[in-house]
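Okay, thanks for coming, everyone. Let me put the sequence and the model up on the screen, and then I'll walk you through it.

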Amino acid sequence: MTIARPRTVLITGGSRGIGAAIAQRFAAEGINIVIHYLGSHEAANETARACMRHGVEVMTVSADLRSKEQLLRMREKLEASALLPDVLVNNAGISHYGMLADVTEQEWDDVMAVNLKGMFLCSQIFMQHMIASRFGRIVNVSSVWGLSGASCEVLYSTTKGGMNAFTKALAKELAPSGVTVNAVAPGVVDTAMMSGFDDQEKAALEQEIPVGRFAQPDEIASLVYFLSLPESSYITGQIISPNGGWHT
């Protein structure tokens, strides 16, 4: 019996950081890449060029994850190019730092819309192809704060906690169809999101982490890739947190 293997992966927010590392990891394994982005056109093209060096087919596509209409148009483009994904990585997200007392209603709505509504819409739209194929992988990029919560990040932690609950529930729904749903909940990753911390603050944070350093984006990408393989078919509904022993 031939075991289905992933042929195309769609990474939301795939232009930079963890998303770009995921795209390049899959490309290195000969898997076609769809890089979703919103405004980072040049960064998306740069990541696409890096993926193309592996000889795979690569498409970049812009869409607002808060708009079902735009996402349906994106699906039409992918279908026309025979690039409907059998792996969906819901990676796009926005962070928020600040006391809950200072969070505006607009900020709450914006972060919720991107981090949760975007994941919901993408999963709903693209899982149909996976169900029909009897093979699919959905991997949601969450955060350690979705497990433990963080002071001054109540809004962000709430969205990531919701992502984890969504993962567990949808995994049960899709399991009979051969589709797994898991979440990767990283600790501190060395990306541009850490640019707001100075060297002293970074050093202090590293001292709190048992392995003594931040994660590299490619380490997160490798875990996402593993969860996409046929060999991971018995892993579903799990929240796996690569955090260097920081929060266990």
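Before I point at anything, one bit of vocabulary: a residue is exposed when its relative accessible area is over 50%, buried when that area is under 20%, and partly exposed in between. Keep in mind, too, that this is a predicted model.

So let's try the vocabulary on Arg134. At 53% relative accessibility, Arg134 counts as exposed, because exposed means over 50%. You'll find Arg134 in the loop between H4 and S5. Its backbone is a bit of a surprise: phi is positive, about 60°, although Arg134 is not a glycine.

Arg134 has company in that respect. Look at Ala82, which isn't a glycine either and has a positive phi of about 55°. Ala82 sits in the loop between H3 and S4, and with 65% relative accessibility it counts as exposed.

Now let's go back along the chain from Arg134 into H4. That helix covers residues 105–133, so 29 residues, because that is how the DSSP run is laid out. From first C-alpha to last, H4 reaches 41 Å, close to the 42 Å expected at 1.5 Å a residue. Where is the kink in H4 centred? On Ala113, and the kink is about 40°.

Ala113 also has a visitor. Arg66, from the loop between strand S3 (58–62) and helix H3 (68–80), touches Asp110, Ala113, Val114, Lys117 and Leu121, leaving aside residues up to four places away in sequence. In space, Arg66 and Gly118 are 5.5 Å apart, C-alpha to C-alpha, though 52 residues separate them in sequence. Is Arg66 buried, exposed or partly exposed? Partly exposed, with a relative accessible area of 35%.

Let's move inside. The largest nonpolar core has 31 residues, and those with the most contacts inside it are Val9, Ile22, Phe26, Ile33 and Val89. Which elements give two or more residues to this core? They are strand S1 (8–11), helix H1 (17–28), strand S2 (32–37), helix H2 (41–52), strand S4 (87–90), strand S5 (136–141) and helix H8 (217–228). Take Phe26 as an example: not counting residues up to four places away in sequence, Phe26 touches Val9, Ile31, Ile33, Val87, Val224, Tyr225 and Ser228. Apart from this core lies another one, of 25 residues, with Leu10, Leu78, Val179 and Val181 among them. As a general point, nonpolar side chains tend to be buried together in soluble globular proteins.

Someone usually asks about cysteines. How many disulfides does the structure hold? Zero. Why is Cys51 not in one? The closest cysteine sulfur, in Cys122, is 18 Å from the sulfur of Cys51, and that is too far for a bond, because a disulfide needs the two sulfur atoms within 2.5 Å. Both residues are tucked away from the outside: Cys51 is buried, at 0% relative accessible area, and Cys122 is buried at 0% as well.

Next up is helix H6, residues 154–174. Its 21 residues reach 30 Å from the first C-alpha to the last, close to the 30 Å expected. Buried residues in H6 include Leu155, Tyr156, Lys160, Met163, Asn164 and Leu170. What do the buried residues of H6 pack against? S4, H4, S5, H5, S6 and strand S7 (239–240).

Lys160 leads us to Ser142, in the loop between S5 and helix H5 (145–148). A polar atom of the Ser142 side chain lies 3.4 Å from the backbone oxygen of Lys160. Ser142 also touches Met163 and Asn164, as well as Ala183, Val184, Ala185 and Pro186. At 5% relative accessibility, Ser142 counts as buried.

Last stop: Thr180, in strand S6 (residues 179–184). Thr180 is buried, at 5% relative accessibility. Its contacts, again not counting residues up to four places away in sequence, are Gly136, Arg137, Ile138, Leu227, Ser232, Ser233, Ile235 and Thr236. And Thr180 lies 9.9 Å from Met130, C-alpha to C-alpha, with the two 50 residues apart in sequence.

That's the tour. Happy to spin the model around if anyone wants another look.

Definitions and conventions: Residues are numbered from 1 along each chain as its sequence is written. This is a predicted model: local features need pLDDT of at least 70, side-chain atom pairs count only at pLDDT 80 or more; totals for chains, interfaces and linings use all residues. Side-chain values use heavy atoms; hydrogens and water are left out. Buried means under 20% relative accessible area, exposed over 50%, partly exposed in between (1.4 Å probe, protein chains only). A nonpolar core is a set of buried Ala, Val, Leu, Ile, Met, Phe, Trp, Tyr and Cys residues joined through side-chain atoms within 4.5 Å. Helices (H or I, at least four residues) and strands (E, at least two) are DSSP runs, numbered from the N terminus. Contact means heavy atoms within 4.5 Å. The expected span of a helix is 1.5 Å times one less than its number of residues. The bend at a residue is the angle between axes fitted to the seven residues ending there and the seven starting there. A polar contact is a pair of N or O atoms within 3.5 Å; within protein, one must be able to donate a hydrogen and the other to accept it, and residues adjacent in sequence count only if both atoms are side-chain atoms.
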